[in-house]
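Got your viewer open and a selection tool at hand? Let's take a short walk through this model, one selection at a time.

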Amino acid sequence: QVQLVESGGGLVQPGGSLRLSCTASGSIFSIYIMSWYHQAPGKERELVASITPGGSINYADSVKGRFTISRDNAKNTVYLQMNSLKPEDTAVYYCKAALTFRKSLWGQGTQVTVSS
């Protein structure tokens, strides 16, 4: 089984930066489409960014120009570099691996709080 562990969340001021990491335990990380989602209190979980095995990337409009998703297959890790953070970015951020067309694996989430 593959397990995902997120890290890097925390409390930052508006305009600050964080880098989230998601590390997978499996050895076939390179074949998964990897995504970052976030979920704020009282709201549904929303896609933030995704990256395919071939490196194709999509971002939510709200984070374009501010966030960057990347992957290092040798380290079984996907990253989310978050710059110019806004209070509305406050949420729990989750890493997701699409194991198959039917099944996805989710990490436990890491809290990001943007506040002055």
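Begin with the largest pocket of this predicted model, which holds about 270 Å³ of space. Its lining is made up of 18 residues. To find the middle, select H38, E46, S62, E88 and D89, the lining residues closest to the pocket's centre.

Now colour the lining by residue class: you should get 7 nonpolar, 4 polar and 7 charged residues. Next, highlight strand 4 (33-39) and strand 5 (46-51), each of which gives the lining at least two residues. Which strand supplies the largest share of the lining? That is strand 5, with 3 residues.

Keep D89 on screen and add R66, which sits in the loop between strand 6 (57-59) and strand 7. Is R66 buried or exposed? R66 counts as buried because its relative accessibility is 9%, and the cut-off for buried is under 20%. Show its side chain and look for two partners. One is the side chain of D89, with a polar contact at 2.8 Å. The other is the backbone oxygen of S84, which the R66 side chain reaches at 3.0 Å. To see the wider surroundings, select Q81, M82, N83, S84, L85, K86 and D89; R66 is in contact with each of these, leaving aside its neighbours within four places in sequence.

Return to strand 5 and pick A49. With a relative accessibility of 0%, A49 counts as buried. Draw a distance from its C-alpha to that of S35: the two are 5.6 Å apart in space and 14 residues apart in sequence. Beyond residues up to four places away in sequence, A49 touches M34, S35, W36, N58, Y59, I69 and L80.

M34, W36 and L80 lead to the next stop, as they are among the residues with the most contacts inside the largest nonpolar core. Add L4, V78, M82 and Y93 to complete that group; the core as a whole has 29 residues. To trace where the core comes from, highlight strands 3 (18-24), 4, 5, 7 (67-72), 8 (77-82), 9 (91-98) and 11 (110-114), each supplying at least two of its residues.

Finish by centring on V78. What does V78 touch, not counting residues up to four places away in sequence? Select L20, S21, C22, F29, M34, W36, I51, I69, S70, R71 and C95 to see these contacts. Two of them, M34 and I69, are also touched by A49.

Definitions and conventions
Residues numbered from 1 in each chain as written. Predicted model: local features only at pLDDT ≥ 70, side-chain atom pairs only at ≥ 80, totals over all residues. Heavy atoms only, no water. 1 Å grid on protein atoms, 1.4 Å probe; cavity = no way out; pocket = protein on both sides within 12 Å on 5 of 7 lines; lining within 4 Å. Points joined across faces, edges and corners; volume = space filled by probe spheres on them. Helix = DSSP H or I, 4+ residues; strand = E, 2+ residues; numbered from the N terminus. Nonpolar A, V, L, I, M, F, W, Y, C, P; charged D, E, K, R; others polar. Core = buried A, V, L, I, M, F, W, Y, C linked by side-chain atoms within 4.5 Å. Buried < 20%, exposed > 50% of the residue type's maximum accessible area, 1.4 Å probe, protein only. Contact = heavy atoms within 4.5 Å. Polar contact = N/O pair within 3.5 Å; in protein donor to acceptor, adjacent residues only side chain to side chain.
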